[in-house]
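Here is a friendly note to read alongside the structure. Please keep the 3D view open and find each residue as it comes up.

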Amino acid sequence: MRKWLVGLILWTSGCAACYGQTPLLLFGDNEHQTFLGCLNCSKFDSQSVCNKFGQLGSLFTSDSIWNASGRFGSKSSSDSPWNVFSSTGPVIINDSGQYYGRFTASKLVSDRTRIQALNQLADLIAAGMSLKDAHERLCGD
């Protein structure tokens with residue numbers, strides 16, 4: 001768990017494009033050590049899940065939540081926010097370490113985030129919306 005905190009501190013020092021908002025950061029895997037991107041940073045920020053040309057916002061890169069075949073984007077992966085049966089989806093924290101819950105399509109997870117826009121997005125994907133269309137909806141492409 002300390003590994004992601006060190007990464008978080010290093011990363012947030014370079015998040016100048018977050019426009020004064022508290023960056024909401026997504027971490028995946030069992031120990032939450034894999035940084036999956038910033039949920040509310042500018043789509044031009046290299047760390048944003050909305051930067052379709054960046055590592056974390058692409059529909060094709062391995063650690064992107066938008067890659068339907070990847071570990072963090074597949075609806076069948078327990079590490080994906082789009083899996084309606086998973087209880088271990090990615091977690092959302094801010095740059096101070098405040099916990100915002102899990103980003104997950106599973107409505108049975110007790111610590112599912114209370115961020116309505118993310119829950120609505122996860123529900124739409126669970127109902128059949130493509131990740132490409134969801135990316136466009138969240139990111140305004």
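1. In which sense do strand β1 and strand β3 pair, and over how many bridges? Strand β1, residues 24-28, runs antiparallel to β3, and the two are paired over 4 bridges. Keep in mind as you look that this is a predicted model. To find one matching position, pick L25 and look across to I93, which is its bridge partner in β3.

2. Stay with β3, which covers residues 91-94. Its side chains are a nice example of a general pattern. In a regular strand the side chains alternate between the two faces of the sheet. Here V91 and I93 point one way, while I92 and N94 point the other way. All four of these residues are buried.

3. Now look at the other neighbour of this strand. β3 also pairs with strand β4, residues 99-102, again in the antiparallel sense, and 2 bridges connect them. In this pairing V91 stands opposite R102 of β4. The hairpin made by β3 and β4 has 4 residues between its strands. Within that hairpin, look for G97, which takes a positive phi near 90°.

4. Next come the charged pairs. Side chains of opposite charge can pair when their charged atoms come close. How many salt bridges does a search of the whole structure find? The search gives 4. One of them joins D79 to R71, with 2.7 Å between the closest N and O atoms. Are the two partners buried or exposed? D79 is buried, because its relative accessible area is 8% and the cut-off for buried is under 20%. R71, at 43%, is partly exposed.

5. Another salt bridge connects D123 and R112, where the closest N and O atoms are also 2.7 Å apart. This pair links distant parts of the chain, with D123 in helix α2 (residues 116-126) and R112 in the loop between β4 and α2, 11 residues apart. D123 has a relative accessibility of 26%, so it counts as partly exposed. R112 counts as buried, because its value is 15%.

6. Compare that with the salt bridge between E136 and K132, where the N to O distance is 3.0 Å. Both residues sit in helix α3, residues 131-139, and they are 4 residues apart, about one turn of the helix. E136 is partly exposed at 31% relative accessibility. K132 is partly exposed as well, with a relative accessible area of 47%.

7. Turn now to the cysteines. A disulfide is a covalent bond between the sulfur atoms of two cysteines. The structure holds 2 disulfides. One is formed by C38 and C41, with their sulfur atoms 2.2 Å apart. Why is this disulfide called right-handed? The torsion about its S-S bond is about 75°, so the disulfide formed by C38 and C41 is right-handed. C38 is buried at 0% relative accessibility, and C41 is buried with a relative accessible area of 6%.

8. Another disulfide joins C50 to C139, with an S to S distance of 2.1 Å. Its torsion about the S-S bond is about -75°, so this disulfide is left-handed. C50 lies in the loop between β2 (34-38) and β3, and C139 lies in helix α3, so the pair ties together parts that are 89 residues apart in sequence. Both C50 and C139 are buried.

9. Finally, look inside. Which residues touch the most other members of the largest nonpolar core? Of its 20 residues, these are L39, I65, W66, W82 and F103. The elements giving two or more residues to this core are β1, α2 and α3, and α2 gives the most, with 4 residues. Try selecting I65: leaving aside residues up to four places away in sequence, I65 touches nine listed partners, among them L26, L36, F72, W82, F103 and L131. Apart from this core lies another core, of 8 residues, including L25, F35, L56 and V91. You have met two of those names already: L25 as the bridge partner of I93, and V91 as the residue opposite R102.

Terms used. Residues are numbered from 1 along each chain as its sequence is written. This is a predicted model: local features need pLDDT of at least 70, side-chain atom pairs count only at pLDDT 80 or more; totals for chains, interfaces and linings use all residues. Side-chain values use heavy atoms; hydrogens and water are left out. Buried means under 20% relative accessible area, exposed over 50%, partly exposed in between (1.4 Å probe, protein chains only). Two strands pair if DSSP finds at least two bridges between them. A salt bridge is a side-chain nitrogen of Lys or Arg within 4 Å of a carboxyl oxygen of Asp or Glu. A disulfide is a pair of cysteine sulfur atoms within 2.5 Å. A nonpolar core is a set of buried Ala, Val, Leu, Ile, Met, Phe, Trp, Tyr and Cys residues joined through side-chain atoms within 4.5 Å. Contact means heavy atoms within 4.5 Å.
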